[in-house]
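I am opening a fresh page for a structure that I have not looked at before. My plan is to go through its sheets and its ligand site in turn, and to write down what I find.

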Amino acid sequence: MADIIKLLPDHVANQIAAGEVVQRPASVVKELLENAIDAGANNIKLIIKDGGKVLIQVVDDGLGMSATDARLSFERHATSKIQKAEDLFNLSTKGFRGEALASIAAIAHVEMQTKSENEELGTHLKIEGSKIIFQEASVTPKGTSMAVKNLFFNIPARRNFLKSNQVELRHITDEFHRVALAHPTIAFHFYNNGSELFNLPSDNYRKRIVNIFGTRTNQKLVPVEEETPIVVIKGFITKPEFAKKSRGEQFFFINNRFIKSPYLHHAIVAAFEGLIKSDSYPGYFLYLEVDPASIDINIHPTKTEVKFDDEHSLYAILRSTVKHSLGQFNVAPALDFEHDPNLQTPYEFKNKSVIQPNVTVNSGFNPFQETRNTASASRSYQKPNTQSWESLYVGHESKMGADDNARSISFESDTITGSIFEGEKESTEAVTTTFQIRRKYIVTTIKSGMVVIDQSRAHQRVLYEKFLKNSTVQQAVSQQLLFPLSVSFSKSEIIALQEIEDILVSIGFLFEKIEGESITVTGVPLLVAESEVGMILDQLISDYQQEITEESFSHTDILSKTLAKTLAVKTGETLDNASQIALVNDLFACKEAMVSPFNKPVYITITENDIDKKFI
Ligand code: ADP
Ligand code: MG
């Protein structure tokens, strides 16, 4: 048989390798930024056009390259960073594979200008699809500028696979955050389509975080510090009350390299246990220093996964360190037994008579006053303060009459913002008897038996369809705020907000301005309470950011889901009879009453037959 095995030509091998290294423009950004850092740059500029599809450029003031190195840097496995296999176990650089430039040059148009310190002239080199177009001497400042244009120009399938410019920009911004957070002393500029997105001066860790995520981040940060023989931990966690419903601001850096580690993430979540709700995630920016010999970052070409020698100890140390920081932050000023409390009283107050505090009571206040406003079922049962009040009565329900139990005790009727169950149908089949069990399910009867409805999911479905309809059919109903509300966000949140502004307006938000780090809200959807605006916008933005990176679904759909989830009645809330009936009727008026917006079953039916069987 004839020999059939051949070595692949270099440009083909490079193109194949590129598939591993470069998934999207953000991968190029990561490689170029890391090269600039490895070159010892103090100032790094990132320039992006059209989500990186048209241009990705990184300009640094680092070491630069000689003419020969400039040419060699595009060869596969050409690197100045390691020389022998052992070096792999003592890495202090980001790169080491010598693959990135070769891969990028195989699938894009690359133009490089570079000059090292002690050379008169630099090098200008152009390479397209692994082919050198020209290389010439040029006048250029010390450092390197690398411009990558028309990514995937020779792989149409890949190019078509790229998402919208917005989505690609989000990925790029994520990479930029990771690199910029890991290197606060390096100054970064980031321009997108000609406008400045980030200007980060050389700073300390805290200021870098605040510069990226906005001034209001500062108050959220709790410092973390620990030194043990196997690891040094520095950084910040965010206070428990700022935990978010979705992932976002979670960063681990090992030896200044961003890494993902579900295992270590779990250590943090464990430390927060009991302090945040189970569906929220703590934020953290944690910088770990370990002996480079004790980790292996060689697992994956994109290098965000790391293998540790002693993962279990690291887990335990991390968890207790974070716990300790949380404890220090949470515990009120510690008692100090060294001091005699009497000495703490300022002298002038010692002999003064005690003034009796004056307590005033609102005598007209009646906690048991019912608001049985059938026409507009009140939303006051959603107020958290009534909830905690009600919780005192858990377990007493059975002693009350069924009817009493179904009614809610409500305070603060001034927060009634209108009926959630507007547009009830007066159809003949309308449900008239319902009851609530365990503040979770609503039970009602149908001809063939009974229906058990998950109250929260049912309400989500009702609200979801309502928001969808509002945004597509008619002008949304909006309530004007008496005083415009100013809410502040980080730069990337503001960008996201600008992207979804139209949709938010279509579901009832009104904005006066969105700029800098703050927005002014002048109107909100009918069901949104003023006090919830910040929280809801936070949630909308983070869901949008999360979803948009996954799949560009309809934005209206994403936001309607989020709003429905945020505003829906929750498990654990008591619904009065009128609300129960209205909810059931509204649910069955929905297009898809069977499933929640998140594809969970909303109700089950139990037929007479089912019940009969149980009695056999
Ligand atoms: P690696 O970073 O893994 O070594 P790359 O393909 O990214 O591989 O880069 C190849 C070589 O090119 C590097 O080892 C370095 O010597 C040189 N190089 C790349 N970018 C720069 C830069 N911005 N400044 C100076 N040298 C660079
Ligand atoms: Mg590199």
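In which order do the five strands of the open sheet stand? Before answering I note that this is a predicted model. I read the order as E9-E10-E13-E11-E12, and I found the pairing in this open sheet to be mixed.

**Entry one: the five-stranded sheet**

I looked next at the borders of this sheet, where strand E9 (221-227) and strand E12 (257-259) are the edge strands, each of them pairing on one side only. I then checked the angle between neighbouring strands, which are turned by 20 degrees against each other on average, direction ignored.

Following E9 to its partner, I saw that E9 and strand E10 (residues 232-238) pair in the antiparallel sense over seven bridges. As an example I picked valine 224, whose bridge partner in E10 is glycine 235. I also searched for a helix on this sheet and found helix H6 (residues 165-182), which packs on the sheet and touches strand E11 (250-254), E12 and strand E13 (284-289). The direction of H6 makes about 50 degrees with that of E11.

**Entry two: ligand 1**

Turning to the ligand, I listed 18 residues around ligand 1, and I noted that Asn35, Thr79, Ser80, Lys81 and Gly98 come nearest. Sorted by class, this shell has six nonpolar, eight polar and four charged residues.

I then went through contacts with the protein backbone. A polar backbone atom of glycine 98 is 2.7 Å from an oxygen atom of ligand 1, and for leucine 101 I noted a backbone N or O atom that lies 2.9 Å from an oxygen atom of the ligand. For alanine 100, the distance from a polar backbone atom to an oxygen atom of ligand 1 is 3.3 Å. How much of ligand 1 does the protein bury? Taken alone, ligand 1 exposes 530 Å², and the protein buries 91% of that.

**Entry three: the four-stranded sheet**

I also looked up an open sheet of four strands, which has the order E16-E17-E18-E22 with antiparallel pairing. Strand E16 (434-437) and strand E22 (603-607) each have a single partner strand, so one side of each is left without a neighbour in the sheet. Neighbouring strands here are turned by 25 degrees against each other on average, direction ignored.

E16 and strand E17 (residues 441-446) pair in the antiparallel sense over four bridges, and I found isoleucine 437 opposite tyrosine 441 in E17. Last, I noted that helix H17 (residues 577-588) packs on this sheet, touching E16, E17, strand E18 (449-454) and E22, with its direction making about 100 degrees with that of E16.

Definitions and conventions. Residues are numbered from 1 along each chain as its sequence is written. Chains are lettered from A and ligands numbered from 1 in the order in which they are written. This is a predicted model: local features need pLDDT of at least 70, side-chain atom pairs count only at pLDDT 80 or more; totals for chains, interfaces and linings use all residues. Side-chain values use heavy atoms; hydrogens and water are left out. Two strands pair if DSSP finds at least two bridges between them. Helices (H or I, at least four residues) and strands (E, at least two) are DSSP runs, numbered from the N terminus. Axes are lines fitted to C-alpha atoms, for helices over the stretch in contact, and angles run from 0 to 180 degrees between N-to-C directions. Contact means heavy atoms within 4.5 Å. A residue is near a molecule or strand if one of its heavy atoms lies within 4 Å of it. A polar contact is a pair of N or O atoms within 3.5 Å; within protein, one must be able to donate a hydrogen and the other to accept it, and residues adjacent in sequence count only if both atoms are side-chain atoms. Accessible areas come from the Shrake-Rupley method with a 1.4 Å probe; for residues, only the protein chains shown count as cover. Ala, Val, Leu, Ile, Met, Phe, Trp, Tyr, Cys and Pro count as nonpolar, Asp, Glu, Lys and Arg as charged, and the others, Gly among them, as polar.
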